[in-house]
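Dear colleague,

I am handing over the structure below, together with an account of what was found in it. Please keep it open beside this message as you read.

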Amino acid sequence: MRRLVRVAALLLACSPAFATEPSEMLKDPALEARAREIGRALRCVVCQNQAIDDSNAEVARDMRRAVRERLAAGDRDEAVMAFMTARYGDYVLLKPPFKPGTLVLWLGGPLVLLLAGGALLLAARKRRAPEPPAPLSEEERARVDALLRRDDA
Amino acid sequence: MIPELGHFALILALAVALVQGSLPFVGAARGDIRLMALGSTAALTQAFLVILAFAALTQAYVTSDFSVANVVANSHSAKPLLYKISGVWGNHEGSMLLWALILALFGAAVALFGSNLPDSLRARVLGVQALIGVGFLAFLLFTSNPFERVSPAPPDGNGLNPLLQDPGLAFHPPLLYLGYVGFSVTYAFAIAALLEGRVDVAWARWVRPWTLAAWCFLTCGIALGSWWAYYILGWGGFWFWDPVENASLMPWLAGTALLHSAIVVEKRDALKSWTVLLAILAFSLSLLGTFLVRSGVLTSVHAFAQDPARGLYILGFLLLVTGGGLALYAWQAPKLVSNALFQPVSREGALILNNLLLCTLAATVLLGTLYPLFLDLVTGDKVSVGPPFFNATFVPLCAPLFAALCVGPFLAWKRAEIAPALARLRIAFAVSVVAAIVAAAAIDGRATLSAIAFGFGVWLIAGSVTEFVVRARRGRLRTMTRAAIGMTISHAALGVVVLGSVATASWQVEMIRTMKPGETAQFAGYGVRLEQVAPLQGPNYIAERATLTLTDGGKPYTTLTPERRLFTVQRRQISETSIHTNLLRDLYATLGEGDATQGWTIRLYWNPLAPWIWLGAGLCALGGFVSLTDRRLRVGAPRRSRPAVQAAE
Amino acid sequence: MNRALFLLPLMMLVILAGFFGWSLLSGRDPASIGSVMIGRPAPALPFATAELKSGKPVLVNFFASWCTPCLAEHPLFMRLKEREKATIVGIAWKDKPEAARAWLARLGDPFAAVGFDQDGKLALDWGLSGVPETYLIDAKGIVRLHFRGPLTERDLGTILPLLKAGS
């Protein structure tokens, strides 16, 4: 039941489109650009997979305002992110931090590539190792190729 | 009465599918031609029955028969006809019926066009196809009956989610399902081959058209979904790495890998067990996507009404289909040996590299999509994996893929030299470097990564063109197969997609401001004037429509009319964007909140090369369709007489 | 070795399916975002310093008069106050003070202190995502429990022991 209510609330809160309003924006274009950048990296805590920058939920609006307040007060970008994670946890970061819990996430892809690539190279080397005792002469190869080609056509 | 007929047709279809999923196997094992032939008859009958059921549900929607629960929940009498029809698959039950319909149609297609297949193989393919059908039909009948009645019938329905009332989204699911379900044929071929213990050149040729067709549809489906997101979400984003998007990307990546590895089987009789595995995985990933969308294990903007009981059913089905296939694979695949030898630097080697990278990409998407679930279950920690993660992991992996993509076609089979291939690509390389430098110089230095990505897009196009020119110079144009032409188109089209996405994502220009009627502004070299914001009455919504006139050097250029619609039945607001395109850029406008005294929030975007994303995707699919018309596939009834030629090396 | 390699895809599927089954059967709510506040000292509430420092467990409830689920959980708070003598602090979120006061006057006021958070700043410090949300602060001022969405009978089972433990 609680879940149903929440889902209904979500649907009402999260119709797409209306996000950052002109009234929220900072006068200083450089600061505003940083605010937008941060806004795109923070996840709305009400909507699904939306950044606060493109969410029209009430909380997302408050978070956008807080980001701008911190920036106007002279905070660095990291400090603003830290301000948010202190309140909402790593959940608000659309790019998960690199830490023990996310090692598999970050290294999984490269690991697949390394393991599979390494195995393929090993296999290729192994296959090449036992050279056939009598390698074909150029002439023989040409004949075989011609035969193969005829066969393909 | 008609809904009951539809329900009855579904029950009959299930019975027919049960027959089709059993007797042809017996026939194939015993060599009984009559039992094997039963497969084709049953496939056609099953398709007829499911069409009947689908027509019955469509009829209920079109006539707004509110005694059917499904219609009540998802339709409304005031809805335009197109959305009454698309409403049929705009919900869980109806979309499952559409899935079953496409599955049955593919079965019928195999029965109709599979006359060149050996009887036993066709019987087994149809048998496997029918077993999948049994799963879906039973799922429909026992957990998600679309024909359920309500009594008394309410006077009107609840209406369809306004987000789905859109021409783009009306055709997005059918195309997507044509792709997903098309891979079921490939899967069925793989299982049949494993049962027969035989994968060879002929098999690869038989599978190819089905894989190609599925891949083309999936490409179109994904592109249409992305286009929909682009114009509906109101700020010009086109890919959000949402779980549902990822669910469609994974089978696409696996299917692309399959298309390439199957070439090696076809030409060189190698990579057999790997190709069979990919054929199983492409369909399994399609099923996984269905599971993710409907089970409620993940949250997503697009997810259907979620129900754990249905989730368990699909999970069981997924386990049965994928697990059964993979178990058979573990048992039979070791027997599929290939003696074709080749050097690492060769066409085969290049295609293996392609597969390695594509599969790593798919694994990255899978891991990113499911990681929040894993971590939550194991440690209870909540994390979000969003676009910045994928930009940091997925995109870099594309670089080696794209770099190698243009080189591969220049490598000979079996053994090749890399230097001559690179020498041929000199000009293409120079052109792309210049393009990257120009892009970096034209835009501020901060966007260097984007400039490099832009260079990669140019490289893909230039490299593909080079390959075509080299062929033409050798006078091989006339003998060039449609498959080769299709490849060139698709590869170049990928470059077009890359250029479009990089340019839009990196160099978009934005203006957000409050405007009152009569007010003017400057935007991306155009003069903008808000003429008026007027109320508007739609068929099932009320709207506010802004009229923005754009002038270029004082002369009238175009008018943009973004709307904000309020759907009265659901009381939901949807923003209707207005886009002016000249194929090189989109001018994109949305109307935000406001009133006459305060003014309205107007958002304007200049999206450079944005149309190329979907143009490129369309071209990419077109390349696939061109390849599909290849003579070898149409006429090509490869006979399976000769034993596999063993290449001597 | 080779045989094992061919079994690998199947094994990965089994692991994957295991996770899915676990997720479905555990009744996990994928929309839950948890709260990092648990185990930390409660953020300050200027209007209720006395209540938070009373050395007794305190319930902190964010609500609003426009919020329908808040209506659903309201009787539970009345009961907690009257029967269990619980100290409850209420914060009206994004609500006009008059509207919130009228709402409480109409339905009954379970709160020892009521604050108003019209601009949502206070809520941000608590890591709030919407209303209603409820936190349980123990006698030492540490956040112990967090509920997103309306409180239900079932939640009382976890709240009551902790409420009693401190007093």
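A residue is called buried here if 20 or more other C-beta atoms lie within 10 Å of its own. Please bear in mind throughout that this is a predicted model.

With that cut-off in hand, a good place to begin is L548(B), which lies in strand β4 (residues 541–552) of chain B. Because L548(B) has 26 C-beta neighbours inside 10 Å, it counts as buried. Leaving aside residues up to four places away in sequence, L548(B) touches V528(B), R529(B), L530(B), E531(B), T559(B), L560(B) and A589(B). Between L548(B) and T558(B) there are 8.4 Å in space, C-alpha to C-alpha, and the two are 10 residues apart in sequence.

Elsewhere in chain B, strand β6 (residues 563–567) runs antiparallel to β7(B), and five bridges join the two. Within this pairing, L566(B) has Q573(B) of β7(B) as its bridge partner. The hairpin of β6(B) and β7(B) has four residues between the strands, and R571(B) takes a positive phi near 50° in it.

Two further residues of chain B have a positive phi although neither is a glycine, and they are best described one after the other. K414(B), with a phi of about 70°, lies in the loop between α14 and α15 (418–424) of chain B, and it is buried because 20 other C-beta atoms lie within 10 Å. A524(B), with a phi of about 50°, is found in the loop between β2 (520–523) and β3 (526–537) of chain B, and it is partly exposed, with 15 other C-beta atoms within 10 Å.

Turning to the nonpolar interior, the largest nonpolar core has 295 residues, of which A100(B) and F189(B) touch the most other members. Helix α9 (residues 201–232) of chain B provides the largest share of this core, namely 22 residues. Not counting residues up to four places away in sequence, F189(B) touches V125(B), W206(B), V207(B), W210(B) and A279(B).

How does the length of helix α17 of chain B agree with what its 26 residues should span? At 1.5 Å a residue, this helix (residues 448–473) should span 38 Å, and since its end C-alpha atoms are 36 Å apart, the two values agree. After α17(B) comes G475(B), whose phi is positive, near 75°.

Two cis peptide bonds also deserve a look. In chain B, the bond from S151(B) to P152(B) is cis, with omega near -5°, and P152(B) lies in the loop between α7 (119–143) and α8 (167–196) of that chain. In chain C, the bond from V131(C) to P132(C) is cis, with omega near -5°, and P132(C) is found in the loop between α5 (121–125) and β4 of chain C.

Chain C also holds an open sheet of five strands, in the order β3-β2-β1-β4-β5, with mixed pairing. Because β3 (113–117) and β5 (143–148) of chain C stand at the edges, each with a single partner strand, one side of each is left without a neighbour in the sheet. From one strand to the next, the twist averages 15°. Strand β1 (residues 58–63) of chain C and strand β4 (residues 133–137) of chain C run antiparallel and are joined by five bridges, with L59(C) standing opposite L136(C) in β4(C).

Chain A, by contrast, has six helices and zero strands. Of its 153 residues, 33% are buried. Among the contacts in chain A with a separation of 6 or more, 52% are between residues 24 or more positions apart.

Finally, there are the contacts that chain A makes with its partners. The contact between chains A and B takes 35 residues from chain A and 47 residues from chain B. On the chain B side, α13 (347–378), α14 (387–407), β1 (509–515), β7 (572–576) and β9 (585–595) are the elements that give two or more residues, and α13(B) gives the most, with nine residues. By class, this side of chain B has 25 nonpolar, 16 polar and six charged residues.

Towards chain C, 16 residues of chain A are in contact with 17 residues of chain C. On the chain A side, α1 (2–13), α3 (58–72) and α4 (77–88) each supply at least two residues, and by class this side has nine nonpolar, one polar and six charged residues.

With best regards

Terms used
Residues are numbered from 1 along each chain as its sequence is written. Chains are lettered from A and ligands numbered from 1 in the order in which they are written. This is a predicted model: local features need pLDDT of at least 70, side-chain atom pairs count only at pLDDT 80 or more; totals for chains, interfaces and linings use all residues. A residue is buried if 20 or more other C-beta atoms lie within 10 Å of its own, exposed if 12 or fewer, and partly exposed in between; C-beta atoms are placed from the backbone. Two residues are in contact if their C-beta atoms, placed from the backbone, lie within 7 Å. The expected span of a helix is 1.5 Å times one less than its number of residues. Two strands pair if DSSP finds at least two bridges between them. Axes are lines fitted to C-alpha atoms, for helices over the stretch in contact, and angles run from 0 to 180 degrees between N-to-C directions. A nonpolar core is a set of buried Ala, Val, Leu, Ile, Met, Phe, Trp, Tyr and Cys residues joined through C-beta atoms within 7 Å. Ala, Val, Leu, Ile, Met, Phe, Trp, Tyr, Cys and Pro count as nonpolar, Asp, Glu, Lys and Arg as charged, and the others, Gly among them, as polar.
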